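Trainee: I want to check the labels on this model, one by one. Where do we start?
Mentor: With the terms for helix packing.

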Amino acid sequence: MTATAPAAEATVRKSSPGAARGPRRRTGRLRRVGLPYLLLLPALLLELLVHLVPMVIGIVMSFKELTQFYIRDWSTAPWAGLDNYAVSVDFDAPVGQALLHSFLVTIAFTLLSVGLCWLIGTAAAVFMQDTFRGRGLLRALFLVPYALPVYAAVITWVFMFQHDNGLVNHVLHDQLGLTDKPSFWLIGDNSFIALLTVSVWKGWPFAFLIVMAGLQNIPRELYEAAALDGAGVIQQTRRITLPSLRPVNQVLVLVLFLWTFNDFNTPYVLFGKSAPEAADLISVHIYQASFVTWNFGAGSAMSVLLLLFLLVVTGVHLALTSRGRRTAQ
């Protein structure tokens with residue numbers, strides 16, 4: 001009697017509806033958990049093919065003595081070890097000095113461009129918060145530089161910066177009389193100002209768009225209460241707007257920094273293959289080291305050094321913002 005009781009009890013448990021539902025529930029849970037990863041798999045594979053595989057190949061190339069003699073089959077190039085990196089960071093040699101100069105120019109250009117883009121974009125976004133006639137049209141006009149194709153916009157600026165018949169010299173010299181003679185904007189020291197002007201003109205609408213979206217999440221009641229307490233526009237901006245926009249600005253500044261530091265299209269279209277010394281950004285410098293002097297190993301080493309620098313900057317920025325967020329909480 002006692003021996004048959006467990007068997008009968010097991011038979012009843014197997015035949016019960018709950019026992020059949022258990023495996024089905026586990027199967028349904030696995031499908032729900034695994035379906036998002038399955039849907040992400042094509043994008044992950046494309047990301048692997050488009051970004052990670054060329055990145056790994058570039059890192060391997062940086063350890064090779066890859067010149068124009070090995071273009072047909074780069075894998076047969078002799079192994080150079082760390083020689084390409086040693087030459088790139090040897091600041092007493094011409095190659096290292098040129099790379100250091102390009103790096104410093106890029107740092108100055110990036111800081112000025114990001115700062116001006118953020119300042120102009122934030123000011124325009126705050127100004128656009130008030131309701132007035134024609135606000136929608138003005139918002140659309142502000143976004144035109146961001147919507148235009150890069151090559152078409154920069155080529156237009158090339159014509160505007162021409163020495164003899166450019167619009168910039170016509171306005172500054174002929175109409176306003178601010179210069180003694182027409183300036184050369186695409187060569188010499190003025191090339192840095194020209195590059196910075198184009199970069200800010202092209203980049204500030206993105207800052208305007210992001211900040212304007214962030215301002216939509218700030219309750220209007222805060223401004224109304226501050227106005228009742230006697231706070232002016234400057235105090236409202238300092239005490240309400242900027243603190244509320246801190247998470248948005250943290251991401252915005254990082255994205256603008258990475259985009260501007262890596263910008264290749266703007267200087268390449270503006271100056272061509274050989275940028276002036278005053279506007280020798282590191283992206284164009286690496287291009288010249290790779291495709292003009294045909295030293296792909298050195299160019300790859302410079303690219304890896306640039307990648308490491310941007311990873312360090314990104315890591316420090318994320319660490320500082322995370323610490324500030326924890327402190328605020």
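Mentor: Axes are lines fitted to C-alpha atoms, for helices over the stretch in contact, and angles run from 0 to 180 degrees between N-to-C directions. Keep in mind that this is a predicted model. Now take H4 and H12: they pack at an angle of about 140°, with their axes 9 Å apart.

Trainee: What makes H4 oblique to H12?
Mentor: Set the angle of about 140° against the cut-offs. Roughly antiparallel needs over 145, and roughly perpendicular runs from 65 to 115. The angle fits neither class, so H4 is oblique to H12. The crossing of H4 and H12 is right-handed.

Trainee: Why is H4 also called oblique to H9?
Mentor: The axes of H4 (residues 94-127) and H9 (residues 190-215) cross at roughly 40° and come within 6 Å. Roughly parallel means under 35 degrees, and roughly perpendicular begins at 65. The angle falls between these limits, so H4 is oblique to H9. This crossing of H4 and H9 is right-handed.

Trainee: Which classes of residue make up the contact of H4 with H9?
Mentor: There are 21 nonpolar and five polar residues, and no charged ones.

Trainee: What makes the pair of Phe-142 and Trp-204 edge-to-face?
Mentor: Two tests. Ring centres must lie within 6.5 Å to pair, and planes over 60 degrees apart count as edge-to-face. Here the centres are 5.3 Å apart and the planes stand at 70°, so both tests are passed and the pair is edge-to-face. By this rule the count comes to 21 aromatic pairs.

Trainee: How do you know that this pair ties together separate parts of the sequence?
Mentor: Phe-142 lies in helix H5 (residues 135-142) and Trp-204 in H9, so the pair links parts 62 residues apart in sequence.

Trainee: Now the pockets. Which element gives the most to the lining of the largest pocket?
Mentor: H15 does, with eight residues. The lining has 18 residues, and those nearest the centre are Ile-286, Gly-299, Ser-300, Ser-303 and Val-304. H2 (17-61), H14 (282-292) and H15 (296-328) each supply at least two residues. The space in this pocket is about 500 Å³.

Trainee: How do the lining residues of the largest pocket divide by class?
Mentor: Twelve are nonpolar, six polar and none charged.

Trainee: And what is the volume of the second largest pocket?
Mentor: About 400 Å³. Of its 19 lining residues, Val-150, Lys-202, Trp-259, Thr-260 and Asp-263 are closest to the centre. H4, H6 (144-147), H9 and H12 (246-261) each give two or more residues to this lining. By class, the lining of the second largest pocket has eleven nonpolar, six polar and two charged residues.

Conventions:
Residues numbered from 1 in each chain as written. Predicted model: local features only at pLDDT ≥ 70, side-chain atom pairs only at ≥ 80, totals over all residues. Heavy atoms only, no water. Helix = DSSP H or I, 4+ residues; strand = E, 2+ residues; numbered from the N terminus. Left-handed = near helix turned anticlockwise from the far one by under 90°. Nonpolar A, V, L, I, M, F, W, Y, C, P; charged D, E, K, R; others polar. 1 Å grid on protein atoms, 1.4 Å probe; cavity = no way out; pocket = protein on both sides within 12 Å on 5 of 7 lines; lining within 4 Å. Points joined across faces, edges and corners; volume = space filled by probe spheres on them. Phe/Tyr/Trp six-rings, centres within 6.5 Å; stacked < 30°, edge-to-face > 60°.
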